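Here are two short exercises to work through with the model open beside you. Have a go at each one before reading its solution.

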Amino acid sequence: MTGALTRIWRRTLRRVGSVGIAAAMILLISATLAAWSVRLDREGKSLRNTLQIQAKSPTRPVPIVKAPTLPVEQQIGEFVATFPPVSQTADDLTEVFESAKRRHIQLNRGDYQLKDEAHSALLTLTATFPLTASYAQTKEFAADVLRALPHASMDELSMSRGTATDSALETSIRFSFVYRRP
């Protein structure tokens, strides 16, 4: 196949020369551009006609629909109602300990602090747990807690490793749980 193409190329080069081949290429490119410009001109006219029709047709204003405005007190009340009651604290801590158990993490100790700010409709329970586990276990434990308890946040996570070869990390993790007042 390559040999046949080479023979054809050589014959053409001998008959028309390099100038003839260049002229044929220029002619081919010119014909392609001419056909393309006709097509572009046709599309341009079509777009201009469409725009002229749209410009002549009357436009209707889009009606603006306002959402009903709630009083601020009602908005705050609805927001606060999305949080669980403070009586759910024990169930939430049970979920934390169950998550740790599923990830083979022992929570031997926890520091708990209830933040009760005056004139606030919400209470915050902060729980800090020291633990020893691998990075993957700690990550999965935190993800489990945050997935199961949407009113919880992870406020702090600190990790340290004794030596470079240790797989277990000394970790301190702090969660905050937000509740509505009774």
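**Exercise 1.** Work out how helix 3 and helix 4 pack: at what angle do their axes cross, and which residues make the contact?

*Solution.* Start with the axes: those of helix 3 (residues 89-102) and helix 4 (residues 135-148) come within 9 Å and cross at roughly 145°. Helices here are DSSP runs (H or I, at least four residues), strands are E runs of at least two, and both are numbered from the N terminus. Next, the hand: this crossing is right-handed. Now the contact (heavy atoms within 4.5 Å): helix 3 brings Glu95, Val96, Ser99, Ala100 and Arg102, while helix 4 brings Phe141, Asp144, Val145 and Ala148. Sort them by class and you get five nonpolar, one polar and three charged residues.

A quick note on the ground rules: this is a predicted model, with local features needing pLDDT of at least 70 and side-chain atom pairs pLDDT 80 or more, while totals for chains, interfaces and linings use all residues. Numbering runs from 1 along each chain, and side-chain values use heavy atoms, leaving out hydrogens and water.

**Exercise 2.** Look at the backbone of His104 and His119: what is the sign of phi, and is each side buried or exposed?

*Solution.* Most residues other than glycine have a negative phi. His104, though, has a positive phi of about 60°, and it is found in the loop between helix 3 and strand 1 (111-115). His119 also has a positive phi, about 65°, in the loop between strand 1 and strand 2 (122-133). Finally, accessibility: His104 counts as exposed (over 50% relative accessible area, 1.4 Å probe, protein chains only; buried is under 20%), because its value is 67%. His119 is exposed too, at 86%.

Terms used
Axes fitted to C-alpha atoms, helices over the stretch in contact; angles between N-to-C directions. Left-handed = near helix turned anticlockwise from the far one by under 90°. Nonpolar A, V, L, I, M, F, W, Y, C, P; charged D, E, K, R; others polar.
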